[in-house]
Amino acid sequence: VSSVYNATPEELGTFDLVFCGSVLIHLRDQVLALERIAALCDDLFISVEAYSRALSLLPFAAARYRALRKRSVVFWEPNLGAWREMMISAGFRSIDQRERFEMRARDGWKVPHVVQHARK
């Protein structure tokens, strides 16, 4: 058991496949987490994360800070461009957006998600 911020290849080894599903959206430092994941990943990283549909209309990377909202469990809500650029910053070179879908969290409430495959 370890925080992703402390995860290192020396402690955990490396893996051909790393999957992270709807976790990064809840972290304060998403880029640091992605850097740690990249260090653990020998081949394929599959990311499934929530994104801002409205901010994705912008032609540049952007994220909305949401941690101060009442009862929020989300720190940053990136747009599609921001997720891509954060993965590149973390060390991934090939990012392939595979699919977008809406995850139903409760009646009447849906959260847009994106599936991305990344390789170093």
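Worked exercises on a predicted model follow.

The model is predicted, so local features need pLDDT of at least 70 and side-chain atom pairs count only at pLDDT 80 or more, while totals for chains, interfaces and linings use all residues. Residues are numbered from 1 along each chain as its sequence is written, and side-chain values use heavy atoms, with hydrogens and water left out.

**Exercise 1. Find the buried residues of helix α2 and say what covers them.**

Step 1. Fix the terms. Helices (H or I, at least four residues) and strands (E, at least two) are DSSP runs, numbered from the N terminus. Buried means under 20% relative accessible area, exposed over 50%, and partly exposed in between (1.4 Å probe, protein chains only).

Step 2. List the residues. Helix α2 spans residues 30–40, and its buried residues are Gln30, Ala33, Leu34, Ile37, Ala38 and Leu40.

Step 3. Place them around the axis. They cover an arc of only 160°, so they sit on the same side of α2. The arc is that of the directions from the helix axis to the C-beta atoms. An α-helix has 3.6 residues a turn, so residues three or four places apart point the same way.

Step 4. Name the cover. It includes α1 (9–12), β1 (15–21), β2 (41–50), β4 and α3 (80–90). Contact here means heavy atoms within 4.5 Å.

**Exercise 2. Describe the largest nonpolar core and the surroundings of Trp83.**

Step 1. Define the core. It is a set of buried Ala, Val, Leu, Ile, Met, Phe, Trp, Tyr and Cys residues joined through side-chain atoms within 4.5 Å.

Step 2. Count and rank. The largest core has 24 residues. Those with the most contacts inside it are Leu24, Leu34, Ile37, Phe45, Trp83, Met87 and Phe92.

Step 3. Assign the elements. β1, α2, β2, α3 and β6 (109–119) each supply at least two residues of this core. The largest share, five residues, comes from α3.

Step 4. Look at Trp83. Leave aside its neighbours within four places in sequence. Trp83 then contacts Leu24, Ile25, Gln30, Leu34, Glu49, Ala50, Tyr51, Pro78, Val114 and Gln116.

**Exercise 3. Trace the salt bridges of Glu102 and of Glu77.**

Step 1. Set the criterion. A salt bridge is a side-chain nitrogen of Lys or Arg within 4 Å of a carboxyl oxygen of Asp or Glu. A search of the whole structure finds six.

Step 2. Start at Glu102. Its side chain meets that of Arg53 in a salt bridge (2.9 Å, N to O). Glu102 lies in strand β5 (residues 94–106) and Arg53 in the loop between β2 and β3 (63–65), so the pair ties together parts 49 residues apart in sequence.

Step 3. Extend the network. Lys110 also forms a salt bridge with Glu102 (3.6 Å, N to O). Arg53, Glu102 and Lys110 are thus linked in a network of salt bridges.

Step 4. Check exposure. Glu102 is partly exposed at 38%. Arg53 is partly exposed at 44%, and Lys110 is partly exposed at 42%.

Step 5. Turn to Glu77. Its side chain meets that of Arg64 in a salt bridge (2.5 Å, N to O). The pair links distant parts of the chain: Glu77 in strand β4 and Arg64 in strand β3, 13 residues apart. Glu77 is buried, at 13%, whereas Arg64 is partly exposed, at 36%.

**Exercise 4. Locate the residues with positive phi that are not glycines, Ser22 and Arg71.**

Step 1. Take Ser22. Its phi is about 55°. Ser22 lies in the loop between β1 and α2 and is partly exposed, with a relative accessible area of 24%.

Step 2. Take Arg71. Its phi is about 60°. Arg71 is found in the loop between β3 and β4 and counts as exposed, at 78%.

**Exercise 5. Place Ala62 in the fold.**

Step 1. Locate Ala62. It is found in the loop between β2 and β3.

Step 2. Judge its burial. At 16% relative accessibility, Ala62 counts as buried.

Step 3. List its contacts. Leaving aside neighbours within four places in sequence, Ala62 touches Leu55, Glu77, Pro78, Asn79 and Ala82.

Step 4. Add a distance. The C-alpha atoms of Ala62 and Val1 are separated by 32 Å, and the two residues are 61 apart along the chain.
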